[in-house]
Amino acid sequence: MGKVHVLDHPLIQHKLTYIRDKNTGTKEFRELVDEVAMLMAFEITRDLPLQEITTETPVMEATTKVLAGKKIGLIPILRAGLGMVDGMLSLIPAARVGHVGLYRDPESLQPVEYYIKLPSDISERELIVLDPMLATGGSANDAIHSLKKRGAKQIRLMCLIAAPEGVKKIQEEHPDVDVYLAALDEKLDDHGYIVPGLGDAGDRLYGTK
């Protein structure tokens, strides 16, 4: 079963508090999500493989380390996942970015796919699916199925906050996918919103209602 990693770095937790705050405006909310995504990128890349090379310093020749050519793909789930891309790219600028567009049917709460555009070599990349909220898990589950159907083999899921119900769904449907969170919240309410949560991430990122 995939592991759940709660990234409890003090800077992540501090910024997440202001992301949750209902008085945080769109501009500041967007900047904070960007910053937390960057901090989470630092944690999620902790186990990337390294290789040794020889480098000439101003003093002498030295054996140093660089990334071992691991290809990364960032897959934001539209639209809220877009808010996490720039923060990730600031640390992993060579990553390719694909997009999966899903919306949740208000009646059934089931995801509907309306757009998908991916790097041609996703089977060779370690993919990080980005979505601020893991609520019912429906959208993330559907996005991961879409990626696997198109040849993806290594997938991680990165969210700001999650409800236990969403985490359970991903673990049941995709036991090979590790989940990375800034916080694991209490539950879902009757409308499928995370409690205490942060409201609708897409609306708060883009100033819509």
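**Note on a predicted model: one loop residue, a surface patch and two cores**

1. Ala68 touches Pro49, Leu50 and Gln51 when residues up to four places away in sequence are not counted, contact meaning heavy atoms within 4.5 Å. Ala68 sits in the loop between strand E3 (61-67) and strand E4 (72-78), where helices (H or I, at least four residues) and strands (E, at least two) are DSSP runs numbered from the N terminus. With a relative accessible area of 28%, Ala68 is partly exposed (buried is under 20%, exposed over 50%, partly exposed in between, with a 1.4 Å probe and protein chains only).

2. This is a predicted model, in which local features need pLDDT of at least 70 and side-chain atom pairs count only at pLDDT 80 or more, while totals for chains, interfaces and linings use all residues. Residues are numbered from 1 along each chain as its sequence is written, and side-chain values use heavy atoms, with hydrogens and water left out.

3. The largest nonpolar core (buried Ala, Val, Leu, Ile, Met, Phe, Trp, Tyr and Cys residues joined through side-chain atoms within 4.5 Å) has 38 residues, of which Ile19, Met88 and Met158 touch the most other members. Helix H2 (26-44) is among the elements giving two or more residues to this core, and H2 gives the most, with 9 residues.

4. Leaving aside neighbours within four places in sequence, Met88 is in contact with Ala37, Ala41, Ile44, Leu74, Ile128, Leu130 and Met158. Apart from the core of Met88 lies another, of 22 residues, including Ile77, Leu102, Leu157 and Leu181.

5. Leu184, in strand E11 (residues 178-184), is partly exposed, with a relative accessible area of 44%.
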